[in-house]
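Please work through the following exercises with the sequence and the structure at hand. Each task is followed by a solution in steps.

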Amino acid sequence: MSFSGIVCELNPEELLNFCAKWVKIRRMDLNLSKRSIALRVSAVVFAGAALSTLSGFGAGSAHAAPGGNLPNDCRQFSQDGGTTWGSQNVVTWSADRPVPGGEVTHARFLVKNVCEEPAKLQVFLGNWSISGNGSANVRANAGAAKSVVVPMNGTPGKLVVETGRLTQNTPVAVELFIGIPASETRQGFTITPDWGIALEEVSGDAPVDPGDPDPGNPGNPGDGDGSSAGSLDLFGSLGGATGSLDSLLAAQTLQAPAVQAAGR
């Protein structure tokens with residue numbers, strides 16, 4: 001018998017009771033349907049999360065995305081020309097003191113990306129400080145890129161230089177310099193550049209860094225080729241350099257020692 005036939009044979013009281021029971025049954029059906037949908041969605045989400053997690057067990061997988069930073073353990077450093085590799089702790093630092101109008105090499109080492117994801121190497125001037133109202137500047141070379149002179153002033157956190165795309169396990173030479181303007185008359189102040197380094201993931205078709213044709217030649221102050229001229233402050237790009245705030249915030253500090261300024 002149809003639902004309409006049942007309704008026609010019921011008196012008003014029976015009709016009310018029937019309708020109440022029918023609504024209750026429909027609600028139960030609806031709740032069961034909702035629960036079934038929720039369980040199915042949960043299963044899909046769980047399966048997706050599990051698949052994502054399992055995919056991370058592949059060798060060299062860093063789970064970044066273009067514009068994001070690779071983990072610190074994707075970077076390895078060498079101080080002996082690539083014979084042995086380790087953490088940033090292998091980097092040795094110069095105690096040379098810059099004089100006004102000159103610069104010193106603060107460090108020279110190799111870095112490589114050991115993860116599968118392609119990335120560019122970035123060198124930052126971090127939370128720098130200069131005592132005694134002195135003045136200083138920095139410069140850096142990385143691969144084929146040579147920066148211009150970057151003054152240590154303004155907001156802390158500047159992108160000094162960055163490479164092109166680095167392929168997995170390909171070493172790139174890095175050189176860090178500290179200088180003092182020729183006009184500086186103060187002596188004996190302390191310069192703390194707080195060098196930072198990061199590997200920012202790039203797309204697989206980004207230009208490959210050609211490498212430094214003469215990694216043993218640090219060049220002269222300010223003689224960069226402009227391939228990474230300028231600097232990036234906390235709020236954007238200056239002078240043509242590119243980078244991201246995420247890279248700066250996630251940059252690995254190299255724990256570089258301070259440098260004492262010398263007199264003329």
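The exercises below concern a predicted model.

**Exercise 1. The disulfide**

Determine how many disulfides the whole structure contains, which cysteines take part, and what the handedness is.

Solution. A search of the whole structure gives 1 disulfide. The partners are Cys74 and Cys115, with an S to S distance of 2.0 Å, which lies within the 2.5 Å cut-off. The torsion about the S-S bond of Cys74 and Cys115 is about -85°, and the disulfide is therefore left-handed. Along the chain the two cysteines are 41 residues apart: Cys74 belongs to the loop between α2 (12-55) and β1 (75-78), and Cys115 to the loop between β2 (103-113) and β3 (119-125). Cys74 and Cys115 are both buried.

**Exercise 2. The open sheet**

State the strand order of the open sheet of 4 strands, and identify which strands stand at its edges.

Solution. The order is β8-β3-β11-β14, and the pairing is antiparallel. β8 (158-166) and β14 (252-253) each have a single partner strand, so one side of each lacks a neighbour in the sheet; these are the edges. Between β3 and β11 (residues 195-201), which run antiparallel, there are 7 bridges. Within β11, Gly196 is the residue that Phe124 stands opposite.

**Exercise 3. The setting of Ala144**

Locate Ala144 and decide whether this residue is buried or exposed.

Solution. Ala144 is found in the loop between β5 (137-142) and β6 (145-146). Its relative accessibility is 18%; the limit for a buried residue is under 20%, so Ala144 counts as buried. Asp209 is 65 residues from Ala144 along the chain, yet their C-alpha atoms are separated by 6.7 Å.

Technical notes: Residues are numbered from 1 along each chain as its sequence is written. This is a predicted model: local features need pLDDT of at least 70, side-chain atom pairs count only at pLDDT 80 or more; totals for chains, interfaces and linings use all residues. Side-chain values use heavy atoms; hydrogens and water are left out. Buried means under 20% relative accessible area, exposed over 50%, partly exposed in between (1.4 Å probe, protein chains only). Two strands pair if DSSP finds at least two bridges between them.
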